[in-house]
Amino acid sequence: MMEQRNGWKRRLASLAASLMLAGTALVPAVKAEKAGVKQERPAVSASAAKGNKPAAAPVSWADMQRRYRGVFVLRASAAGGRRVALTFDDVPDPRYTPLVLNALKRKRVRATFFVVGSRAAKHPGLMRRIVDEGHAVGNHTYSHPELPKLSLGQVKREIERTGATIRATAGFEPAMIRPPYGDIRSAQLEWARARGYTVVNWDVDSQDWRQIPSGVVLRNAVKGLRPGSIILMHAGGGSGQNLFGTVNALPHLIDQLRAKGYELVTVPELLHIPERRPNRA
Ligand SMILES: [Zn+2]
């Protein structure tokens, strides 16, 4: 697992290097949420795994969900019925976001999009389209950093700058945060709680960022699915990243979920939480 993670880190580093060479400001918002995540995965990890710091006792996502009830969320209670939420990270991306929106529109499904602020600033029209078509949006930071490596002040700036950008393009600030890679530290969660944010991760990972065929995306997206599940997918990618597996799987996924009796709702609907932060006085 560690070799695998380090392998991905190296690939991410080389992707970052090639993006910088290409002279684009686009941060690799994208190789995206790491694989194999779910509850079992330690939420405290990257630096400890490299031995840079004394290893903190790993805290599983499930533990964090219990400890920060209603603040750190992986899924809804099954008591809410056969409802699940599709979530798409790393938007807006002019290559893939419109294709995902088209598929959702054809199937009359509303989903939840986690927005990278630097991308929203570049593609305000796409931001407006997401909102106009009835989807929910959340904050996925401005530059897609690993939050555990940042100071609290840096995290605050990442979130607040993104909130302001979304307000400028969509007219409101989201109340949901999804940390890049799902990684967040306790002190950062405490800050989010104090500010009234809900941190929304997922319990089902399509692993679509691995550029896998649509059949595999589909299989991953229903594996372990249960009432209340939150499914992680992507509607934005890094330079050269291919997300056609996601785009092609989506109509079939929606059909399969409906055939199993699931209703597809947005995350705020699933969790019964507000989508928007209150307007500041
Ligand atoms: Zn992401």
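# Residues, helix α4 and internal spaces

Q154 counts as partly exposed because its relative accessibility is 35%, where buried means under 20% relative accessible area, exposed means over 50%, and partly exposed covers what lies in between, with a 1.4 Å probe and protein chains only. The structure is a predicted model, in which local features need pLDDT of at least 70 and side-chain atom pairs count only at pLDDT 80 or more, while totals for chains, interfaces and linings use all residues. Residues are numbered from 1 along each chain as its sequence is written, and side-chain values use heavy atoms, with hydrogens and water left out.

## The chain as a whole

The protein chain contains 11 helices and nine strands; helices (H or I, at least four residues) and strands (E, at least two) are DSSP runs numbered from the N terminus. Of its 281 residues, 56% count as buried. Contacts, meaning heavy atoms within 4.5 Å, join residues 24 or more positions apart in 76% of the cases with a separation of 6 or more. The accessible surface of the chain is about 12000 Å², and carbon and sulfur atoms hold 54% of that surface; such areas come from the Shrake-Rupley method with a 1.4 Å probe, and for residues only the protein chains shown count as cover.

## Three side chains that reach the backbone

Q154 belongs to helix α7, residues 152–170. E275 lies in the segment after α11 (267–271), and E275 counts as buried because its relative accessibility is 18%. S206 sits in the loop between β7 (204–205) and α9 (214–222), and S206 counts as buried because its relative accessibility is 0%.

The table gives a polar contact for each of these side chains; the term stands for a pair of N or O atoms within 3.5 Å, where within protein one must be able to donate a hydrogen and the other to accept it, and residues adjacent in sequence count only if both atoms are side-chain atoms.

| Side chain | Backbone partner | Distance |
|---|---|---|
| Q154 | nitrogen of S151 | 2.8 Å |
| E275 | nitrogen of V137 | 2.9 Å |
| S206 | oxygen of L232 | 2.8 Å |

Beyond its neighbours within four places in sequence, E275 is in contact with H135, A136, V137, F172, E173, P174, A175, M176 and P268. With residues up to four places away in sequence likewise set aside, S206 touches I212, V217, N220, A221, L232 and M233.

## Helix α4 and backbone angles

Helix α4 spans residues 97–106, and its buried residues are T97, P98, V100, L101, A103 and L104. An α-helix has 3.6 residues a turn, so residues three or four places apart point the same way. The cover over the buried residues of α4 includes β2 (83–91), β3 (112–115), α6 (124–132) and α10 (244–259).

Between β2 and α4 there is a loop that holds P92, and the peptide bond from V91 to P92 is cis, with omega near -5°. Just after α4, R108 takes a positive phi of about 55°. Another positive phi belongs to H144, a residue other than glycine, with a value near 60°. H144 is found in the loop between β4 (136–139) and α7, and H144 is buried because its relative accessible area is 3%. Q207, in the loop between β7 and α9, is not a glycine either, and its phi is positive at about 55°.

## Pocket and cavity

On a 1 Å grid over the protein atoms alone, a cavity is a set of points where a 1.4 Å probe fits but cannot get out, and a pocket is an open set with protein on both sides within 12 Å along at least five of seven lines, while lining residues have an atom within 4 Å of a point. Grid points are joined across faces, edges and corners, and a volume is the space filled by probe spheres set on the points.

The largest pocket has a volume of about 340 Å³. Its lining is made of 16 residues, of which Q65, R69, R75, A76 and S77 lie nearest the centre. The elements giving two or more residues to this lining are α3 (61–67) and β1 (72–73), and the largest share, three residues, comes from α3. By class, the lining of the pocket has seven nonpolar, five polar and four charged residues, with Ala, Val, Leu, Ile, Met, Phe, Trp, Tyr, Cys and Pro taken as nonpolar, Asp, Glu, Lys and Arg as charged, and the others, Gly among them, as polar.

The count of cavities of 30 Å³ or more comes to one. The largest cavity holds about 40 Å³ of space, and its lining consists of A76, S77, G80, G81, R83, G228, L270 and H272. In this cavity lining, two residues are nonpolar, five are polar and one is charged.
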